[in-house]
Amino acid sequence: ATAFLADPLARVIDLDNKTVIPQIYKNVRAVGSLRYAAERFDNKWVLYTESGKQITNFDIDSIGSFKKDYAIIRVGDFRGLIDRNGAMKIAPRNEELGINRDGTVSVREPATWLFLNGDNKLSKKISADSVGEIAKNLLGIKTSGLIQLTDYDLKPIGNTKISTLGKFSNGKAAFTVNDKYGVIGNDGKVIIEPKYSALKFD
């Protein structure tokens, strides 16, 4: 049997007060029988056994709870599947992924958008839910419900992933992240951090 301690750092100990998972993590949580997910201070997650052995060695942005001996992981904007030994069973290339009661897995692959030049030849290709022009030399690429600003060459503008985005006016637009409002410029720089429940600007 094990227990959690938060000191301020998170660790896992057994009932004999012996450390199972060391106190070097931001957060530790159980994700199923005899499995623990530990969050590093760079917000990446690793998977541990009940004996304190780390069994994943690649960056994971989130780990779900195990179901039918499998867990859904997220890497960037995409979902994949690992087993209880930390082995990758489905690579994180999918928009959505679900584990069904009968043990089967439902997958939704990302849509593919093609960009053609004036001669109707393929110039670029991208996987996304939607692609739209939102200002001059500014595209909004929506993937897994989040919007990334890019230029016409699909190079990211800024590093903020946006939940919703208003219309640009004088180079500025209101946007939300997790239902909080802020203001962003058409250069991708956040002008007002998204921490307000409502926002209005001229």
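This passage describes strand pairing in two regions of a predicted model. Residues are numbered from 1 along each chain as its sequence is written. In this predicted model, local features need pLDDT of at least 70 and side-chain atom pairs count only at pLDDT 80 or more, whereas totals for chains, interfaces and linings use all residues, and side-chain values use heavy atoms, with hydrogens and water left out.

Three strands make up an open sheet in the order β4-β5-β6, with antiparallel pairing, where strands are DSSP runs of E of at least two residues, numbered from the N terminus, and two strands count as paired if DSSP finds at least two bridges between them. The edges of this sheet are β4 (27-30) and β6 (45-49), each of which pairs on one side only, and the twist from one strand to the next averages 25°, with axes taken as lines fitted to C-alpha atoms and angles running from 0 to 180 degrees between N-to-C directions. Five bridges connect β5 (residues 35-39) with β6 in the antiparallel sense, and A38 lies opposite V46 of β6.

Further along the sequence, strand β19 (residues 172-177) runs antiparallel to strand β20 (residues 180-185), the two being joined by six bridges; among the positions involved, F175 has G182 in β20 as its bridge partner. These strands, β19 and β20, form a hairpin with two residues between them, and N178 in the turn has a positive phi of about 55°. Strand β20 also pairs with strand β21 (residues 190-196), in the antiparallel sense and over three bridges, with Y181 opposite Y196 in β21. The hairpin of β20 and β21 has four residues between the strands, and G188 there adopts a positive phi near 85°.
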